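Reader: I keep meeting words like "buried" and "core" in structure papers. Could you take me through one example and show me how such labels are earned?

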Amino acid sequence: MPSTLPSPSELGHEPAPPVAGAAFFDVDNTMMRGASLFAVARKLYQRRAFTLREVLWFAIHQLRFLTRGENLGDIQAIRDRALLMAAGFSVEDMVALGDEIYDEFIESKIWPGTRAIAEQHLHAGRQVWLVTATPLEVASVMARRLGLSGALGTSVEHVDGAYTGRLVGEILHGAAKATAVRELAEEQGLDLDHCWGYSDSHNDIPLLEAVGHPVAINADRRLRRYAMDRSWPTYDFRTGRKAAAFGLKAAGVSGALWGLWRSISAIRGR
């Protein structure tokens, strides 16, 4: 008669609970191509929240982002300009615009490869969170539309249902992302050693080093070198990465200029 092994409970030991894990994704140039704040600016221009001149200012910074990657000075300048323009804007209107912003400007820019990685984590039973400097209201819509667990984003103060133009805390960028992830992990009972982090920017190295499995996606030069030195996995979903460096840069600048011209033409047409 075949013997059977005793269960852990029969031996007086309960089976170990499963380790809670999660994956944290940066948004700009990691989950989507370009800067999500530019999408917000374009939509607000359609609603006449500000002028074409201000949209052009955002467009120039979007072009710089596409051609040279994330820069802290640019992010702070975009943050300050966006906060100034948001003052007095209704929180209810922003929440309502979130789905329109996603449908019109963000959905087509989602990297299929990054989305597939996020879905793999979900299928494995892990939580998947966006971690971004984008306003929380817009980041939350992105997470919902992508079927993710939630989003950590920059919080903007509001009083009586309207934005004041001031931040609650600090912009969710750099080391602040790592702090937010640690706080979420404590709240959700997550073991960061069994979590994954994904980003394109060297500014997010604190976030990547806070988890047990850091991964570089569409990495800028500094992050790519940092990841290689530490044998981190890297993915690049941008087209033409095997082209010669000069040809790649020329194509990127030309494409960005063409996209900028098309965007401005579409906005003026509306």
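Author: Sure, here come a few labels and the reasoning behind them. Keep in mind that this is a predicted model.

Reader: How do you know that Asn218 is buried?

Author: Asn218 has a relative accessible area of 1%. Buried means under 20%, so Asn218, at 1%, counts as buried. You'll find Asn218 in the loop between E7 and helix H9 (221–229). Its phi is near 50°, a positive value in a residue that isn't glycine.

Reader: And Ser231, why is that one called exposed?

Author: The relative accessible area of Ser231 is 64%. Exposed means over 50%, so Ser231 earns the label with its 64%. Ser231 sits in the loop between H9 and E8, and it has a positive phi of about 60° despite not being a glycine.

Reader: What share of the protein chain is buried?

Author: Of the 270 residues in the protein chain, 46% are buried.

Reader: What makes E7 and E8 a pair?

Author: Count the bridges: two of them join strand E7 (residues 213–217) to E8. Strands pair if there are at least two bridges between them, so E7 and E8 make it. These two strands run parallel, and Ala216 stands opposite Thr234 in E8.

Reader: Why are E3 and E8 called edge strands?

Author: The open sheet has six strands in the order E3-E2-E1-E6-E7-E8, with parallel pairing. Strand E3 (150–154) and strand E8 (234–235) each pair on one side only. Helix H5 (residues 112–123) packs on this sheet, touching strands including E1 (22–25), and its direction makes about 160° with that of E1.

Reader: How do you know that Ile110 touches Met142?

Author: Contact means heavy atoms within 4.5 Å, and Ile110 has such contacts with Met31, Met32, Tyr102, Arg115, Met142 and Leu146, leaving aside residues up to four places away in sequence.

Reader: Which residues have the most contacts inside the largest nonpolar core?

Author: They are Phe25, Ile106, Ile110, Leu130, Met142 and Tyr198, in a core of 34 residues. Helix H4 (91–106) is one of the elements that give two or more residues to this core, and H4 gives the most, with seven. Another core, of 16 residues, lies apart from it, and its members include Ala176, Cys195, Leu207 and Val211.

Definitions and conventions. Residues numbered from 1 in each chain as written. Predicted model: local features only at pLDDT ≥ 70, side-chain atom pairs only at ≥ 80, totals over all residues. Heavy atoms only, no water. Helix = DSSP H or I, 4+ residues; strand = E, 2+ residues; numbered from the N terminus. Axes fitted to C-alpha atoms, helices over the stretch in contact; angles between N-to-C directions. Buried < 20%, exposed > 50% of the residue type's maximum accessible area, 1.4 Å probe, protein only. Core = buried A, V, L, I, M, F, W, Y, C linked by side-chain atoms within 4.5 Å.
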